[in-house]
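Welcome, and thanks for coming along on this tour. Please open your viewer and get ready to make a few selections.

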Amino acid sequence: MLRMDGFVYRHASSWEEALALWRSAPGAQYVAGGTDLLPNLKHGLFAPKLLVGIGGIPGGVRREADGIVISAATRLDDLAADPTIRELLAPLGQAAALVASPQIRTMATLGGNVMLDTRCMYYNQTLFWRQALGYCLKAEGTWCHVVGGPKTCVASQSSDTVPVLLALGARLRLVGPEGRRELGIRELYQYNGMDHLRLTAGELLTEVVVPAPGAGFRGSYTKLRTRDSIDFPQLGLAVCGQWEGSTPRALEIVVGAVSPQPKLVRGLDAFLGAPLDDVAVAAIADLVHKQTRPQGSVHGDSNWRRQMAAVFTRRALGAMRG
Ligand SMILES: Cc1cc2nc3c(=O)[nH]c(=O)nc-3n(C[C@H](O)[C@H](O)[C@H](O)COP(=O)(O)OP(=O)(O)OC[C@H]3O[C@@H](n4cnc5c(N)ncnc54)[C@H](O)[C@@H]3O)c2cc1C
Ligand code: SF4
């Protein structure tokens, strides 16, 4: 049996209360659904003295002038089933419905998915396992077993909803010890597996705001994993755009689960304004292949994962152009 170190648990019923509890013991950690945090505590990856429970804060989706506003406390199951999400943001619901397993999705929140710690097959292991290997740079060690060096950690950002939220240009509403602020989700992640979130200590994600997609919106999320019933992504590909028939007017592609930072594919503007024929689809797939460099922190051959990014792109664009 895997045991956790002792800690105090305090329940918060609002974001403000959660922040006040955190202030009482900086170094405390927030726990929403607990589906990632609790296994990490059992693996001895960290041992906070205080856990501030935010899973009881109301979730939900509403429309505002800014766009579609989703509470960070929304459970992934509720997100996938929400009528506004299904009508306007289908790829986000699709990604939420592909996270883990049904049991986990009833507990897991959108906030926890966005703030998910980076993952690595040398890190997300029991204390005994990691000790036998001499630990690693991200926890208690001095060496990265993936890159074979003492400096860089390339553990992967492996959330399914994140590539879609980047492709949709979502904004995050945050509250922290220094007040409230809004941050584009594209600014949140940095290429450092040990410290991949550009946040200040104690900051909470309260809401995710997604601009309402205009007419002609089409999008999809495709996930590569070994067992469809439960596994984390070995690669996730979001494609979102505005279309007029087979002509894209706007196009965004984001690849997830390849590195600490989701990869926003560059150079797609060259394909806007003309019908997307087979040559253009192949050229975009080639662009995605060139820009995708999966790190070996996640299971599955890196070259295979890279090839699959191109295959998923071809399939997604092929279906989307009609
Ligand atoms: C077997 C298994 C399979 C899984 N498969 C997948 C998968 O396929 N895809 C996937 O994306 N995930 C997967 N997960 C991970 C996890 O279930 C999800 O990412 C889930 O969305 C995390 O949400 P949570 O509410 O449970 O987060 P928690 O575990 O409660 O928290 C995760 C982290 O986010 C922080 N946090 C939570 N909410 C906030 C907030 N509002 N503001 C600031 N920080 C916050 C916590 O402090 C913690 O550091 C899997 C987990 C398990 C155990
Ligand atoms: S990428 Fe390297 S340093 Fe980071 S968790 Fe994996 S083995 Fe550890």
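Helices here are DSSP runs of H or I that are at least four residues long, numbered from the N terminus. With that in hand, select helix 7: the largest share of the shell around ligand 1, 3 residues, comes from this helix. Keep in mind as you look around that this is a predicted model.

Next, widen the selection to strand 2 (29-31), helix 7 (110-114) and strand 8 (204-210), each of which supplies at least two residues of the shell. In total, 33 residues surround ligand 1, and the closest are Y30, T35, T109, D160 and K223. Colour the shell by residue type and you will find 19 nonpolar, 9 polar and 5 charged residues.

Now zoom in on the backbone. A backbone N or O atom of G33 sits 2.8 Å from an oxygen atom of ligand 1. For L37, a backbone N or O atom is likewise 2.8 Å from a ligand 1 oxygen, and for D231 the corresponding distance is 3.0 Å. Switch on a surface here: ligand 1 taken alone exposes 980 Å², and the protein buries 90% of that.

Where does ligand 1 lie with respect to the domains? Colour domain 1 (1-56) and domain 2 (217-320): both give residues to the shell, so ligand 1 lies between them.

For a last stop, select D78 in helix 3 (residues 76-81). D78 counts as partly exposed because its relative accessibility is 47%, which falls between the 20% and 50% cut-offs. Then pick V61, 17 residues away along the chain; its C-alpha atom and that of D78 are separated by 9.3 Å.

Methods
Residues numbered from 1 in each chain as written. Chains lettered and ligands numbered in written order. Predicted model: local features only at pLDDT ≥ 70, side-chain atom pairs only at ≥ 80, totals over all residues. Heavy atoms only, no water. Near = heavy atom within 4 Å. Polar contact = N/O pair within 3.5 Å; in protein donor to acceptor, adjacent residues only side chain to side chain. Areas by Shrake-Rupley, 256 points an atom, 1.4 Å probe, with all protein chains shown as cover. Nonpolar A, V, L, I, M, F, W, Y, C, P; charged D, E, K, R; others polar. Domains from an automatic or database assignment. Buried < 20%, exposed > 50% of the residue type's maximum accessible area, 1.4 Å probe, protein only.
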